[in-house]
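Hello,

Here is the structure I promised to pass on to you. My notes on the sheets, helices and pocket follow below it.

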Amino acid sequence: KQWYQRRVAITAGGKDGVVFGVEKIITSKLYEEGSNRRVHSIDGHIGAAVAGLLSDARAVVNRARDEAANYRDTYQVPIPLKALTERLGKYMHYFTVYGSLRPFGVSILLGTWDETNGPKLMEIDPSGTARGFYGCAVGKGKQNAKTEIEKLDLSNMTCKELVKEVAKVIYSVHDEVKDKHFELELSWIGKETRGTHQLVPQDIYNEAKTYAEEALNDSDDDDTDM
């Protein structure tokens, strides 16, 4: 479980879309902001967030993109999330059953949204097992993150509200002792983006980051008072 040790990825579905959030640890002062992203677009209508080994994540994401492209070429329509999840899960499971291969050290969260079906979220773990969720977290601190997500009234929250809460959860589970510096990544897909997966606009990103930092400081002040 070495791939669980350093970062957390979260996804949550609201009434008008899906939000992805990732804690990306910064290990050097020379780090270039925005590099080695852990949120990705699989197809225009499907987004993804990954937790685990970065090289493995790239391989899994590229495979997912190939599956989406092949489906579109064959059927002339975008791939449904369920079909993509089944194909990618089988591919990841294949690497667990042969001695000459090793399992992928990565979990991937997939999400989509449309006017008819609303938000759809899936998680695929390294064994290739896929599960559907209304909200999910993987990686370090995932249990604490899931506990915080369960407190939210997801079905009645907009994406703009969810962006703030996802950022708050990531800040709350971040381990400042072991990993002092990290970069917050946020993306979404929903009504605001007309069903296209995109990075959260900078003004909304800054607002969510400030909200999360203030909530964390308030929590620290309460602990100090006690």
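Let me start with a hairpin: β6 and β7 form one with 5 residues between them, and glycine 128 in the turn has a positive phi of about 95°. Please keep in mind that this is a predicted model, in which local features need pLDDT of at least 70, side-chain atom pairs count only at pLDDT 80 or more, and totals for chains, interfaces and linings use all residues. Residues are numbered from 1 along each chain as its sequence is written, and side-chain values use heavy atoms, with hydrogens and water left out.

A word on the labels: helices (H or I, at least four residues) and strands (E, at least two) are DSSP runs, numbered from the N terminus. Two strands count as paired if DSSP finds at least two bridges between them.

Back to the hairpin. Strand β6 (residues 118-124) runs antiparallel to β7 (residues 130-133), and 4 bridges join them. Isoleucine 124 sits opposite alanine 130 of β7.

The sheet with the hairpin

These two strands belong to an open sheet of 5 strands, in the order β3-β4-β5-β6-β7, with antiparallel pairing. Its edges are β3 (39-43) and β7; each has a single partner strand, so one side of each is left without a neighbour in the sheet. From one strand to the next, the twist averages 25° (angles run from 0 to 180 degrees between N-to-C directions, and axes are lines fitted to C-alpha atoms, for helices over the stretch in contact). Further in, β4 (residues 46-52) and β5 (residues 106-114) run antiparallel and are joined by 7 bridges. One bridge pairs glycine 47 with glycine 111 in β5.

Two helices pack on this sheet, where contact means heavy atoms within 4.5 Å. Helix α1 (residues 54-75) touches β3, β4 and β5, and its direction makes about 20° with that of β3. Helix α2 (residues 81-94) touches β3, β4, β5, β6 and β7, and its direction makes about 170° with that of β5.

The other sheet

There is also an open sheet of 5 strands with the order β8-β1-β2-β9-β10, again with antiparallel pairing. Here β8 (135-139) and β10 (198-199) stand at the edges with a single partner strand each, so one side of each lacks a neighbour in the sheet. Strand β1 (residues 8-14) pairs with β8 in the antiparallel sense over 5 bridges, and isoleucine 10 stands opposite alanine 137 in β8.

Helix α3 (residues 142-150) packs on this sheet and touches β1 and β8, its direction making about 165° with that of β8. Helix α4 (residues 159-173) packs there too, touching β1, β2 (17-25) and β9, at about 155° to the direction of β9.

How do the axes of α3 and α4 cross? They come within 9 Å and cross at roughly 145°. Asn144, Ala145 and Glu148 of α3 meet Val169, Ser172 and Val173 of α4 in the contact.

The largest pocket

Finally, the largest pocket has a volume of about 280 Å³. Of the 14 residues that line the largest pocket, Glu33, Glu183, Leu184, Gln202 and Tyr205 are the closest to its centre. β9 (182-190) and α5 (202-225) each supply at least two lining residues, and β9 gives the most, with 5 residues.

For reference, the search used a 1 Å grid over the protein atoms alone: a pocket is an open set of points where a 1.4 Å probe fits, with protein on both sides within 12 Å along at least five of seven lines, and lining residues have an atom within 4 Å of a point. Grid points are joined across faces, edges and corners, and a volume is the space filled by probe spheres set on the points.

Best wishes
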